[in-house]
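Let's take a friendly walk through this structure together. Have the sequence and the 3D view at hand as you read.

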Amino acid sequence: MGSSADSERLFNRQRTLHEILGGGLVADVILWRQKNLTLGILLVTLSAWVVFEKSGYTLLSLVSSVLLLLMSILFLWAKSAAILNRPAPPLPQLQLSEEMVNEMAASIRSRVNALLSVSQDISLGKDSRLFFKVAAYLLLIYFAGGLTDFLTLSYTSLVMVLTIPALYERCEDYVDKYIMTGYRKLLQLYVKLDEEYLNRFQNWVLEKKKLS
C-alpha cells in the first residue's frame, strides 16, 4: 500500500491487524487464517449454548456429567481389556511438569500484578482518563448484563470477536476511509459550533461580568 493509504489508517497505525492481535495462533483464529479451527470453535460454542439454553443444564452439572461419562467409558474399557487380553486405553501421561507450573504461575502473577497496579492508580486518582475508561466499560457490561444472561452475552461476544475483525480486515481500506471522513466532518462541525455558539457565549459571559 502507498503512503496515501497508510495516512488514512485509524489511529495512524503502521502495523497490520494481524500484528496488532499478536501475530500467533490466536490472531490466525480471529482472522480466519485457520478456517477449520475457527469454524469448529463457533460450532462447539453454538452447541454448548443450545445445550445450556434448552436443556436447563448448568456449567457445573454439564462438566460433571461429561467427566462421569468419560471416566465410566475408560474404566469399562480398561476392565474389559484386562479380561480379554487387549491393550489398555491409550492415555497420555497425565502429569504437569514443574517447568509448566512455574510458567503458568509467572504468567498469572504478572497479570494479577498489572491488574492490581491499575486498580491502585485508579483508587488513588492518579489516572483520571483510565478511571473514566474503566467506568465506561463497567457501565456497558452492566447494561448489557441487564438485557441478557451471562451465557448468551459470552456467546455473542465470542461471535463478534470471530467475525468483526475478519470483516474489518477484508474491507479495512473502505472502513478506514469512511471513518476518517466522518471524523473530519465531526471536527469541522465542532469548530463551527465553537465559533458560532461557544465564543458568543463566552463573550456574553464576559460582558455580563463587566456590567456587574
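**A walk from the helices to the core**

Let's begin with the spans that carry an annotation, keeping in mind that this is a predicted model. In the UniProt record, an unreviewed entry, "transmembrane region" covers residues 58-78 and 130-147. How does the model draw these spans? Residues 58-78 are 95% helix and 0% strand, with end C-alpha atoms 30 Å apart. Residues 130-147 are 100% helix and 0% strand, and here the end C-alpha atoms lie 26 Å from each other.

Now turn to helix 5, which runs over residues 59-83. At 1.5 Å a residue, its 25 residues should span 36 Å, and because its end C-alpha atoms are indeed 36 Å apart, the expected and modelled values agree. Just after helix 5 you will find Asn85, which takes a positive phi of about 55 degrees.

Next, go back along the chain to helix 3, residues 25-30, where Asp28 sits. Is Asp28 buried or exposed? Asp28 is buried, yet has no salt bridge. The nearest side chain of opposite charge belongs to Arg33, 4.5 Å away, while a salt bridge calls for a nitrogen-to-oxygen distance within 4 Å. Setting aside residues up to four places away in sequence, Asp28 touches His18, Arg33, Gln34 and Thr38.

Its neighbour in the chain, Val29, belongs to the largest nonpolar core, a group of seven residues that also holds Leu17, Ile30, Leu31, Leu42, Leu162 and Tyr168. Helix 3 and helix 8 (150-170) are the elements that give two or more residues to this core. Beyond its neighbours within four places in sequence, Val29 is in contact with Leu37, Thr38, Ile41 and Leu162.

Note on methods
Residues are numbered from 1 along each chain as its sequence is written. This is a predicted model: local features need pLDDT of at least 70, side-chain atom pairs count only at pLDDT 80 or more; totals for chains, interfaces and linings use all residues. Side-chain values use heavy atoms; hydrogens and water are left out. Helices (H or I, at least four residues) and strands (E, at least two) are DSSP runs, numbered from the N terminus. The expected span of a helix is 1.5 Å times one less than its number of residues. UniProt positions are given in the numbering used here, feature names are shortened, and annotations may be inferred rather than shown by experiment. Buried means under 20% relative accessible area, exposed over 50%, partly exposed in between (1.4 Å probe, protein chains only). Lys and Arg count as positive and Asp and Glu as negative; His and the chain ends are not counted. Contact means heavy atoms within 4.5 Å. A nonpolar core is a set of buried Ala, Val, Leu, Ile, Met, Phe, Trp, Tyr and Cys residues joined through side-chain atoms within 4.5 Å.
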